[in-house]
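Welcome! Please take a moment to look over the sequence and the structure below, and then we will walk through some of the details together.

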Amino acid sequence: MAIVHIDRPWPSDLELAQHEAVGPGDEWLRGAQAAITGTVTWDSARFDQAPGLRVLAIVGIGVDSVDLDEATRRGVLVTNTPDGPTVSTAEHALALMLSAAKEIPRAQSRLRKATGSYATLNRGIELDGKTLGLFGYGRIARRLASYCRAIGMTVVATDLFVEGDPGDGTEMVSFDDLLRRADVLSLHAPLSKATKGVFDEAAFDACKEGLSS
């Protein structure tokens with residue numbers, strides 16, 4: 001079986017960011033029966049480059065980069081890895097929350113420039129006792145919820161497909177209540193017709209005002 005692969009030496013992150021196709025060239029797609037892909041867009045034009053493709057494996061949970069109707073029409077089986085990014089994504093979400101709450105980027109900038117005082121200029125807040133609001137309550141959001149409860153946060157969530165008490169300490173609420181109660185919002189719902197545009201101007205107007213220490 002032929003497979004699209006990356007020849008060594010491995011490309012740098014910059015090279016990967018500048019090229020849609022990962023590999024020595026799109027000519028490898030011509031004979032591919034299977035391909036492993038990340039965020040590369042698979043539309044009709046790319047499927048045309050791989051006429052013999054039968055399996056397309058996504059190294060992540062999202063499939064929005066693939067035209068599933070086109071894949072179905074061509075008889076291409078599309079798979080994903082739902083548990084693959086769970087821990088890393090949840091940990092990264094927590095890191096971003098702490099970074100924002102503690103104003104780490106601003107403090108780092110002042111430190112590098114040797115300007116200002118950390119003690120007098122930092123307006124970081126404590127997350128202990130604050131409420132985390134999760135929009136979407138799948139694998140990643142549940143993992144993040146466990147981290148945040150461990151540091152003393154209350155967790156509320158809303159999900160279009162989860163009903164009732166999840167039994168893990170998270171309270172399921174309406175979208176309006178989520179906006180009203182959350183001190184921190186973290187989005188973990190897939191992009192779909194039901195979720196696109198949900199966070200519009202009215203939604204942000206319904207959120208709490210920014211916190212201060």
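## Contacts along the chain

Among contacts between residues at least 6 apart in sequence, 45% join residues at least 24 apart. The model you are looking at is predicted. Its secondary structure comes to 10 helices and eight strands, and 31% of the 213 residues count as buried.

## A tour of helix α5

Let us begin with one helix. Helix α5 covers residues 86-101. With its 16 residues, α5 reaches 23 Å from the first C-alpha to the last, which is close to the 22 Å expected at 1.5 Å a residue.

Which residues of α5 are buried? They are Thr86, Ala90, Ala93, Leu94, Met97, Ser99 and Ala101. Look at the numbers of Ala90, Ala93, Leu94 and Met97, which are among these buried residues. An α-helix has 3.6 residues a turn, so residues three or four places apart point the same way. The buried residues of α5 pack against two helices, α6 and α8, and against two strands, β5 (131-135) and β8 (184-187).

## Where α5 meets α8

One of those partners deserves a second look. Helix α8 spans residues 139-150, and its axis comes within 8 Å of the axis of α5. The two axes cross at roughly 50°, which makes α5 oblique to α8 because the angle is neither under 35 degrees nor in the range from 65 to 115. The crossing is right-handed.

Which residues take part in this meeting? From α5 come Thr86, Val87, Thr89, Ala90, Glu91, Ala93, Leu94 and Met97. From α8 come Arg139, Ile140, Arg143, Leu144, Tyr147 and Cys148. The residues of this contact divide into nine nonpolar, two polar and three charged.

## Two residues with a positive phi

Now for the backbone. Most residues other than glycine have a negative phi. Just after α5, however, Glu103 takes a positive phi of about 55°, although Glu103 is not a glycine. This residue lies in the loop between α5 and α6 (104-113).

Ala114 also has a positive phi, near 55°, and is a residue other than glycine. You will find Ala114 in the loop between α6 and α7 (118-121).

Is Glu103 buried or exposed? Glu103 counts as buried because its relative accessibility is 14%, and the cut-off for buried is under 20%. Ala114 has a relative accessible area of 70%, so Ala114 is exposed.

## Ala182 and its contacts

Further along the chain, Ala182 is found in the loop between α9 (175-181) and β8. Its relative accessible area is 6%, so Ala182 is buried.

Which residues does Ala182 touch, not counting those up to four places away in sequence? The answer is Thr131, Gly133 and Lys208. Thr131 shows how the chain brings separate stretches together: Ala182 and Thr131 are 51 residues apart along the chain, while their C-alpha atoms are separated by 5.1 Å.

## Thr154 in strand β6

Thr131 turns up again among the contacts of Thr154. Thr154 lies in strand β6, which runs over residues 154-158. With a relative accessible area of 41%, Thr154 is partly exposed.

Leaving out residues up to four places away in sequence, Thr154 touches Lys130, Thr131 and Leu132. The C-alpha atoms of Thr154 and Asp128 are separated by 8.6 Å, and these two residues are 26 apart along the chain.

## Gly52 in a loop

Our last stop is Gly52, in the loop between α3 (44-49) and β3 (55-58). Gly52 has a relative accessible area of 26%, so Gly52 is partly exposed.

How far apart are Gly52 and Gly31, in sequence and in space? They are 21 residues apart in sequence and 6.4 Å apart in space, C-alpha to C-alpha. Setting aside neighbours within four places in sequence, Gly52 is in contact with Ala32 and Gln33.

Key:
Residues are numbered from 1 along each chain as its sequence is written. This is a predicted model: local features need pLDDT of at least 70, side-chain atom pairs count only at pLDDT 80 or more; totals for chains, interfaces and linings use all residues. Side-chain values use heavy atoms; hydrogens and water are left out. Axes are lines fitted to C-alpha atoms, for helices over the stretch in contact, and angles run from 0 to 180 degrees between N-to-C directions. Helices (H or I, at least four residues) and strands (E, at least two) are DSSP runs, numbered from the N terminus. Angles under 35 degrees count as roughly parallel, over 145 as roughly antiparallel, 65 to 115 as roughly perpendicular and the rest as oblique. A crossing is left-handed if the near helix is turned anticlockwise from the far one by less than a right angle, and right-handed if clockwise. Contact means heavy atoms within 4.5 Å. Ala, Val, Leu, Ile, Met, Phe, Trp, Tyr, Cys and Pro count as nonpolar, Asp, Glu, Lys and Arg as charged, and the others, Gly among them, as polar. Buried means under 20% relative accessible area, exposed over 50%, partly exposed in between (1.4 Å probe, protein chains only). The expected span of a helix is 1.5 Å times one less than its number of residues.
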